[in-house]
Amino acid sequence: MHVRGVDPQDVTWEQDGATYRAYFWDRSARASDEYEVTGADVEDVLAWARAKAEETGSAYTLYVRVTDEGRPGLVRLSGVAGDPFA
């Protein structure tokens, strides 16, 4: 982990609400369930994802949905990185 100070004026926008995507990986079946979550803070979404993964015996990946030059994409926040079936 690398930590450095930053200039808070180096960004051009921010928003308070986020859209999250949660993927739950059933590795034995090589299948996944996907959900979109809005109206919650990241701590609440993380707690929900961890509890659901434990309840279902699956692994999970949590992303925040972002837009870059008008194109949607995902940034991983927590959970499985890379190919969950590898």
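These exercises work through a predicted model of one protein.

**Exercise 1. The order of elements**

Task: Find how many helices and strands the protein has, and the order in which they run.

Solution:
- Step 1. Count the elements. The protein has one helix and four strands.
- Step 2. Walk along the chain from the N terminus. The order is β-β-α-β-β.
- Step 3. Place the elements by residue number. Strand β1 covers 19-26 and β2 covers 31-37. Helix α1 takes residues 42-56. Strand β3 covers 59-68 and β4 covers 71-79.

**Exercise 2. Spread out or compact?**

Task: Decide whether the protein is more spread out than a compact globule or not, using its radius of gyration.

Solution:
- Step 1. Take the value expected by the globule rule. For 86 residues it is 12 Å.
- Step 2. Set the radius of gyration of the protein beside it. That radius is 15 Å, well over the 12 Å of the rule.
- Step 3. Conclude. The protein is therefore more spread out than a compact globule.
- Step 4. Add the spans. Along its principal axes, the C-alpha trace extends about 45 × 30 × 25 Å.
- Step 5. Turn to burial and surface. Buried residues are 23% of the 86. The exposed area is about 6,600 Å², and carbon and sulfur atoms supply 46% of it.
- Step 6. Look at contacts between residues at least 6 apart in sequence. Of these, 44% join residues at least 24 apart.

**Exercise 3. Two loop residues with positive phi**

Task: Describe the phi angle, place and exposure of Arg30. Then do likewise for Glu69.

Solution:
- Step 1. Recall the background. Most residues other than glycine have a negative phi.
- Step 2. Read the angle of Arg30. Its phi is near 50°, a positive value, and the residue is not glycine.
- Step 3. Locate Arg30. It sits in the loop between β1 and β2.
- Step 4. Classify Arg30. Its relative accessibility is 56%, and the cut-off for exposed is over 50%. So Arg30 is exposed.
- Step 5. Repeat for Glu69. Its phi is near 55°, again positive in a residue other than glycine. Glu69 lies in the loop between β3 and β4. At 72% relative accessibility, Glu69 is exposed.

**Exercise 4. Charges and salt bridges**

Task: Count the charged side chains and find which of them meet in salt bridges.

Solution:
- Step 1. Count the charges. There are 9 positive and 16 negative side chains. The centres of the two sets lie 7 Å apart.
- Step 2. Recall what pairing needs. Side chains of opposite charge can pair when their charged atoms come close.
- Step 3. Apply the cut-off, nitrogen within 4 Å of a carboxyl oxygen. Two salt bridges result.
- Step 4. Take the pair Glu36 and Arg21. Their N to O distance is 2.9 Å. The pair links distant parts of the chain, with Glu36 in strand β2 and Arg21 in strand β1, 15 residues apart. Glu36 is partly exposed at 48%. Arg21 is partly exposed at 23%.
- Step 5. Take the pair Asp68 and Arg71. Their N to O distance is 3.9 Å. Asp68 is partly exposed at 45%, whereas Arg71 is exposed at 52%.

**Exercise 5. Around Tyr20 and Val42**

Task: Say whether Tyr20 is buried or exposed, and which residues Val42 touches beyond its sequence neighbours.

Solution:
- Step 1. Locate Tyr20. It is in strand β1.
- Step 2. Test its exposure. Buried means under 20% relative accessible area. Tyr20 has 7%, so it is buried.
- Step 3. List some partners of Tyr20, leaving aside neighbours within four places in sequence. Among them are Tyr35, Glu36, Leu62, Tyr63 and Val64.
- Step 4. Move to Val42. It belongs to helix α1. Val42 is partly exposed, at 27%.
- Step 5. Name its partners with the same neighbours left out. Val42 is in contact with Tyr20 and Leu77.

**Exercise 6. Distances along and across the chain**

Task: Give the C-alpha separation of Glu54 and Glu69, and of Tyr20 and Lys52.

Solution:
- Step 1. Place Glu54. It lies in helix α1 and is exposed at 69%.
- Step 2. Take Glu54 with Glu69. They are 15 residues apart along the chain, and their C-alpha atoms are separated by 36 Å.
- Step 3. Take Tyr20 with Lys52. They are 32 residues apart along the chain, and their C-alpha atoms are separated by 15 Å.
- Step 4. Add Val42 with Glu55. These lie 13 residues apart along the chain, with 20 Å between their C-alpha atoms.

Note on methods:
Residues are numbered from 1 along each chain as its sequence is written. This is a predicted model: local features need pLDDT of at least 70, side-chain atom pairs count only at pLDDT 80 or more; totals for chains, interfaces and linings use all residues. Side-chain values use heavy atoms; hydrogens and water are left out. Buried means under 20% relative accessible area, exposed over 50%, partly exposed in between (1.4 Å probe, protein chains only). The radius of gyration is taken over C-alpha atoms; the globule rule is 2.2 Å times the number of residues to the power 0.38. Contact means heavy atoms within 4.5 Å. Accessible areas come from the Shrake-Rupley method with a 1.4 Å probe; for residues, only the protein chains shown count as cover. Lys and Arg count as positive and Asp and Glu as negative; His and the chain ends are not counted. The place of a charge is taken as NZ of Lys, CZ of Arg, CG of Asp or CD of Glu.
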